[in-house]
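Q: Please take a close look at a single part of this model, the lining of one cavity. Please then set that part in the context of the strands, contacts and other features described for the model.

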Amino acid sequence: MNERLSFTPLGPWIGAQVANLDLSRPLSDAQFEQLYHGLLRHQVLFLRDQKITPEQHRALAIRFGDLHIHPVYPHAEGVKEIIVLDTHQDNPPDNDNWHTDVTFIDTPPAIALLASKVLPEAGGDTLWTSGIAAYEALSEPFKQLLAGLSAEHDFKKSFQEFKYRKTEEEHQRWQQAVAKHPPVQHPVIRTHPVSGRKALFVNEGFTTRIVDLSEKESDAVLSFLFAHATKPEFQVRWRWQPDDLAIWDNRVTQHYANADYYPARRVMQRATVLGDRPR
């Protein structure tokens with residue numbers, strides 16, 4: 001039995017498509033090791049035609065580490081670790097901005113695995129951008145300026161109160177999430193704990209300010225970094241097909257879910273692997 005995986009790069013910086021893998025079956029240690037090293041190299045991996053249940057999705061994700069349970073998103077029936085992102089005209093998305101998942105906690109996710117379940121006829125692509133590429137493209141003096149800085153990340157920046165007032169129960173869940181997740185600070189430049197590569201680690205979804213700068217300085221620097229990090233040169237764009245799976249390294253990437261498909265419906269399922277404290 002051939003266990004060698006095939007990785008086809010989708011760009012020089014980020015993204016590869018994986019072949020020769022059926023995730024409905026448990027991975028061998030050799031297959032998992034190849035998948036993990038491919039993820040470190042390419043930052044986001046894409047697999048076509050993976051018909052997996054939420055239980056199989058969880059079983060694969062937990063190979064990478066402990067799983068996060070989201071404070072406000074609904075989950076798959078009986079599988080609380082698999083969140084369901086069901087967006088349509090009456091439930092518009094809150095992820096149509098450039099963001100890194102769950103940076104509002106002390107140990108943001110290391111890895112995420114996203115499966116497509118229901119797709120619009122056209123649209124609904126997802127884009128990823130490389131924080132490693134963005135960092136390496138900066139000038140040396142600017143890298144030195146950013147190296148000693150920390151930024152604040154706030155749950156409320158993306159999860160705004162007005163979006164969670166449909167029912168009293170939903171509003172209470174939002175209030176509990178806010179109370180449980182006060183703003184946290186992370187370095188503006190983080191070092192990948194495995195590869196040792198440096199990456200820009202601010203994102204428009206959750207980063208509110210750079211701590212040691214004045215408000216005007218912080219706004220100017222963040223405005224530049226948000227724009228710089230999402231240059232097309234650093235990106236890959238994925239056009240989903242049913243039963244695709246994307247796996248990305250959340251420590252060094254941002255992504256954007258394109259909300260161009262209304263009034264059609266789009267249903268995705270995600271597992272999120274907890275990471276370490278950024279350094």
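**The second largest cavity and its setting**

A: Three nonpolar residues, five polar residues and no charged residue make up the lining of the second largest cavity. The model is predicted, and it holds two cavities of 30 Å³ or more. Rolling a probe the size of a water molecule over the atoms shows where empty space is left. For the second largest cavity, that space amounts to about 40 Å³. Its lining consists of Thr 129, Ser 130, Gly 131, Leu 200, Ala 229, Val 252, Thr 253 and Gln 254. Strands S7 and S15 are the elements that contribute two or more residues to this lining. Domain 1 (6-125 + 238-273) and domain 2 (130-230) each supply at least three residues to the lining of this cavity.

The two strands named above belong to one sheet. It is an open sheet of three strands in the order S13-S7-S15, and the pairing is antiparallel. S13 and S15 (253-257) are the edge strands, each pairing on one side only. On average, neighbouring strands of this sheet are turned by 20° against each other, direction ignored. Strands of a sheet pair through backbone hydrogen bonds, either parallel or antiparallel. Between S7 (residues 126-130) and S13, which run antiparallel, there are four bridges. One residue of this pairing is Trp 128, whose bridge partner in S13 is Val 236.

Beyond S15, the chain contains a cis peptide bond. Pro 263 lies in the loop between S15 and strand S16 (266-273), and the bond from Tyr 262 to Pro 263 is cis, with omega near 5°. Most residues other than glycine have a negative phi, and most peptide bonds are trans.

A salt bridge involves the loop that follows S13. The side chains of Lys 51 and Asp 243 meet at 3.8 Å, N to O. Asp 243 is in the loop between S13 (235-238) and strand S14 (245-249), and Lys 51 is in the loop between strand S3 (44-47) and helix H2 (54-62), so this pair ties together parts that are 192 residues apart in sequence. Side chains of opposite charge can pair when their charged atoms come close. The structure holds 17 salt bridges.

A second open sheet of three strands has the order S9-S8-S12, again with antiparallel pairing. Its edges are S9 (184-187) and S12 (207-210); each has a single partner strand, so one side of each is left without a neighbour in the sheet. Here the average turn between neighbouring strands is 35°, direction ignored. S8 (residues 150-153) pairs with S12 in the antiparallel sense over three bridges. Within this pairing, Ala 151 has Ile 210 as its bridge partner in S12.

The second largest pocket also draws on two domains. At least three of its lining residues come from each of domain 1 (6-125 + 238-273) and domain 2 (130-230). About 160 Å³ of space lies in this pocket. Its lining residues are His 68, Ile 69, His 70, Pro 71, Ile 105, Arg 173, Gln 176, Ala 177, Lys 180 and His 181. By class, four of these are nonpolar, four are polar and two are charged. The lining of the second largest cavity, by comparison, contains no charged residue.

The account ends with a hairpin. S1 (residues 6-9) and S2 (residues 16-19) run antiparallel and are joined by four bridges. In S2, Val 18 is the bridge partner of Phe 7. Six residues lie between S1 and S2 in the hairpin, and Gly 15 in the turn has a positive phi of about 100°. Asn 20 is placed in the loop between S2 and helix H1 (29-42). Phi of Asn 20 is near 70°, a positive value in a residue other than glycine.

Definitions and conventions
Residues are numbered from 1 along each chain as its sequence is written. This is a predicted model: local features need pLDDT of at least 70, side-chain atom pairs count only at pLDDT 80 or more; totals for chains, interfaces and linings use all residues. Side-chain values use heavy atoms; hydrogens and water are left out. Two strands pair if DSSP finds at least two bridges between them. Axes are lines fitted to C-alpha atoms, for helices over the stretch in contact, and angles run from 0 to 180 degrees between N-to-C directions. On a 1 Å grid over the protein atoms alone, a cavity is a set of points where a 1.4 Å probe fits but cannot get out, and a pocket is an open set with protein on both sides within 12 Å along at least five of seven lines; lining residues have an atom within 4 Å of a point. Grid points are joined across faces, edges and corners, and a volume is the space filled by probe spheres set on the points. Ala, Val, Leu, Ile, Met, Phe, Trp, Tyr, Cys and Pro count as nonpolar, Asp, Glu, Lys and Arg as charged, and the others, Gly among them, as polar. Domain bounds come from an automatic or database domain assignment. A salt bridge is a side-chain nitrogen of Lys or Arg within 4 Å of a carboxyl oxygen of Asp or Glu.
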